[in-house]
Amino acid sequence: MPGPLGPFHNEPLTDFSQPGIRAAMEAALARVRSEFGREYCLWIAGAPQTTGDLLTSVNPSKPSEIVGRHHKAGAELAARAVEDAHAYFAEWGRTPAAHRVELAVRAAALIRERKLEFDAWLVYEAGKTWPEADADVSEAIDFCEYYARQMLRYASPEAPAQTIVQLPGERDEMVYLPLGAGVIIPPWNFPLAIMTGMTMAALVSGNTVVIKPSSETPTIAAKFTEVLRAAGFPPRSFALCVGSGSVVGDTLVEHPKTRFVSFTGSRDVGLRINELAAKPHRGQIWIKRVVAEMGGKDAIIVDREADLDSAVTGVVQSAYGYQGQKCSACSRAIVDEAVYDAFLEKLKAKVAELTVGSSDDPSSYMGPVISAGARKTILDYIEIGKREGRLIAGGGAAPGDGFFIQPTVIADVESGARIFQEEIFGPVLAVTRARDFDHALALANATEYGLTGAVYSKNPEKIRKAREDFFAGNLYLNRKCTGAMVGAHPFGGFNMSGTDSKAGGPDYLLQFLQAKSIAEKL
Ligand code: NAP
């Protein structure tokens with residue numbers, strides 16, 4: 001696999017404990033602040049476009065601050081974006097894979113050069129703390145580097161994936177072709193990493209794309225398209241179609257020239273896209289391919305034979321990192337009754353240490369949630385949770401101008417409870433008592449989701465059982481259930497968590513390719 005690019009390595013995280021790096025980050029934050037309120041154009045059919053209809057993105061730590069103003073597309077421009085991406089595909093799809101790979105690696109280098117600046121945009125527009133922002137940017141770099149190497153593998157005639165049986169008297173082969181023009185719909189919670197991953201996978205495979213970023217994080221998307229342009233991706237190989245999902249979403253998904261949709265977001269929107277994309281429209285000559293990676297209700301099992309201190313640390317990191325706004329976040333702790341009370345006591349003490357505040361302040365462990373709407377939904381769930389269980393910690397908004405919420409723990413939650421079943425997407429943890437390990441596994445599997453999960457136990461037999469019976473796309477043993485690394489932890493979930501496309505894994509590019517078998521009589 002290494003090929004001319006050398007082996008893949010994950011991008012190292014920035015060490016903010018070093019005074020020089022801290023100072024550089026402060027300077028990056030100041031530089032980014034000086035750009036607040038700037039206006040950004042759409043990028044459609046290889047050129048900037050304006051509509052005068054502006055979307056405003058704000059700093060969730062201080063919503064009176066406008067991060068960026070973005071011209072929004074309507075249905076007509078969205079349709080034009082797809083049509084042009086379709087027209088240009090004829091050219092881009094024939095570009096040699098080696099050239100596309102070179103551009104992907106160049107994009108990685110450009111993000112790496114601007115890493116602290118990107119960190120700062122994520123701090124201000126997505127409300128990420130410094131380390132969370134840096135992990136997001138590192139992952140974006142990883143996706144570029146990793147998919148570049150995977151593309152070389154698929155393009156190479158010697159690749160093991162293309163080992164084809166040779167019939168006597170024939171030359172038999174199989175080659176991979178790109179699909180066409182695709183729509184990329186990322187969420188706001190990994191606004192750079194997921195957008196970069198889905199976009200780069202599509203582009204490096206030879207497809208053209210229309211990116212419809214989340215309306216919460218359009219500035220990060222605009223900065224990413226600067227990178228695409230600077231890396232040398234042709235102006236018509238990608239479009240940036242900012243606009244509300246409910247206005248431009250259906251147009252992009254239903255357009256007959258859309259060949260595929262790559263979506264990451266909530267279950268409800270994913271199911272709607274899947275349904276709309278299934279219906280062919282006049283002029284459409286293919287079945288659209290939909291990759292939909294959706295929500296989770298992820299559980300950590302704490303067994304009676306667990307190291308309780310590391311279990312508590314893992315649960316706290318998984319439940320409250322980025323304010324619980326990760327699809328992989330632990331929102332259910334399922335604890336053996338033999339250690340239930342001891343676990344709760346340690347958990348409560350650890351949660352009490354967490355600090356909540358502005359995400360640009362490096363002393364904040366948690367920043368704000370993304371929006372006023374998200375804060376209301378989460379606070380409503382907390383009220384439901386107070387009726388469904390026993391409040392142990394938190395329980396409301398945290399002080400400050402931003403969308404701050406206290407890290408909240410609700411204990412004694414039964415499996416039928418709404419806060420046990422429904423994705424909340426905020427810093428709210430339900431704790432449930434299990435009779436024994438088998439019961440804990442049954443509880444962990446008792447939702448419609450199946451994204452991530454973890455087990456803390458020192459008993460090898462129980463670990464073996466979890467490997468077999470814990471139904472989650474990403475299972476972690478004796479460690480936290482967040483923080484998947486590209487290459488090491490291919491990511492994607494079962495059941496209503498999505499199509500299990502395994503982003504950052506060796507098979508992911510197949511979602512963006514179609515295989516052609518060729519047999520020549522000798
Ligand atoms: P969301 O509300 O579903 O939005 C995701 C994207 O879909 C946004 O760009 C949104 O645009 C767009 N959209 C909304 N309505 C649409 C429509 N009718 N047609 C086409 N696009 C439409 O999700 P989110 O709040 O951004 O993200 C959080 C969710 O993502 C959680 O459920 C989380 O679990 C999930 N997630 C899953 C994974 C995974 O790998 N499984 C990873 C990260 C996040 P607007 O912003 O303009 O509405």
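**Local environments, cysteines and ligand shell**

Asp500 counts as partly exposed, with a relative accessibility of 28%, in a model that is predicted. This residue is found in the loop that runs between β20 (494-495) and β21 (513-521), and its phi angle is near 55°, a positive value in a residue other than glycine. A positive phi in a residue other than glycine is also found at Tyr322, where the angle is near 45°. Tyr322 belongs to the loop between α10 (308-320) and β13 (330-336), and with a relative accessible area of 1% this tyrosine is buried, whereas Asp500 is partly exposed.

The cysteines were then examined for disulfides, for which two cysteine sulfur atoms must lie within 2.5 Å. By this rule the count is 0 disulfides. In the case of Cys144, no bond is possible because the closest cysteine sulfur, in Cys327, is 19 Å from the sulfur of Cys144, which is too far. Cys144 is nevertheless a buried residue, its relative accessibility being 0%. Cys330 is likewise in no disulfide, with the sulfur of Cys481, the nearest cysteine sulfur, placed 5.1 Å away; since the cut-off is 2.5 Å, the distance of 5.1 Å leaves Cys330 unpaired. Cys330 also counts as buried, at 1% relative accessibility.

The ligand is surrounded by 30 residues, of which Ser215, Gly245, Ser266, Met294 and Glu423 come nearest. By class, this shell is made up of 14 nonpolar, 11 polar and 5 charged residues. Three elements, α8 (245-254), β10 (260-264) and α9 (267-278), each contribute at least two residues to the shell. With regard to polar contacts, a polar side-chain atom of Ser266 is placed 2.6 Å from an oxygen atom of the ligand, and for Glu423 a polar side-chain atom lies 2.6 Å from a ligand oxygen atom. Trp188 also takes part, in that an N or O atom of its side chain is 2.9 Å from an oxygen atom of the ligand. When the ligand is taken alone it exposes 910 Å², and the protein buries 87% of that area.

Thr408 offers a view of a buried strand position. The residue lies in strand β15 (residues 408-411), and at 0% relative accessibility Thr408 counts as buried. The side chain of Thr408 reaches the backbone oxygen of Gln406 at a distance of 2.9 Å. Once neighbours within four places in sequence are left aside, the contacts of Thr408 comprise Tyr320, Ile382, Leu391 and Ala393, together with Gly394, Gly395 and Gly396, and also Pro427, Val428 and Leu429.

Glu65 is a further strand residue, found in β5 (residues 62-71). Despite its charged side chain, Glu65 is buried, with a relative accessible area of 12%. When residues up to four places away in sequence are not counted, Glu65 touches Arg33 and Phe36 as well as Ser57, Val58 and Asn59.

Two helical residues were considered for their placement along the chain and in space. Val227 lies in helix α7 (residues 218-231) and is buried, with a relative accessible area of 0%. Although Val227 and Arg106 are 121 residues apart along the chain, their C-alpha atoms are separated by 9.0 Å. The contacts of Val227, again not counting residues up to four places away in sequence, are with Ala107, Leu110, Ile111, Arg114 and Phe118. Ile384, by contrast, is found in helix α12 (residues 372-388), and the C-alpha atoms of Ile384 and Leu152, which are 232 residues apart in sequence, are 51 Å apart in space. Ile384 is buried, with a relative accessible area of 14%, and beyond the residues up to four places away in sequence it touches Arg418 and Ile419.

Conventions
Residues are numbered from 1 along each chain as its sequence is written. This is a predicted model: local features need pLDDT of at least 70, side-chain atom pairs count only at pLDDT 80 or more; totals for chains, interfaces and linings use all residues. Side-chain values use heavy atoms; hydrogens and water are left out. Buried means under 20% relative accessible area, exposed over 50%, partly exposed in between (1.4 Å probe, protein chains only). Helices (H or I, at least four residues) and strands (E, at least two) are DSSP runs, numbered from the N terminus. A polar contact is a pair of N or O atoms within 3.5 Å; within protein, one must be able to donate a hydrogen and the other to accept it, and residues adjacent in sequence count only if both atoms are side-chain atoms. Contact means heavy atoms within 4.5 Å. A residue is near a molecule or strand if one of its heavy atoms lies within 4 Å of it. Accessible areas come from the Shrake-Rupley method with a 1.4 Å probe; for residues, only the protein chains shown count as cover.
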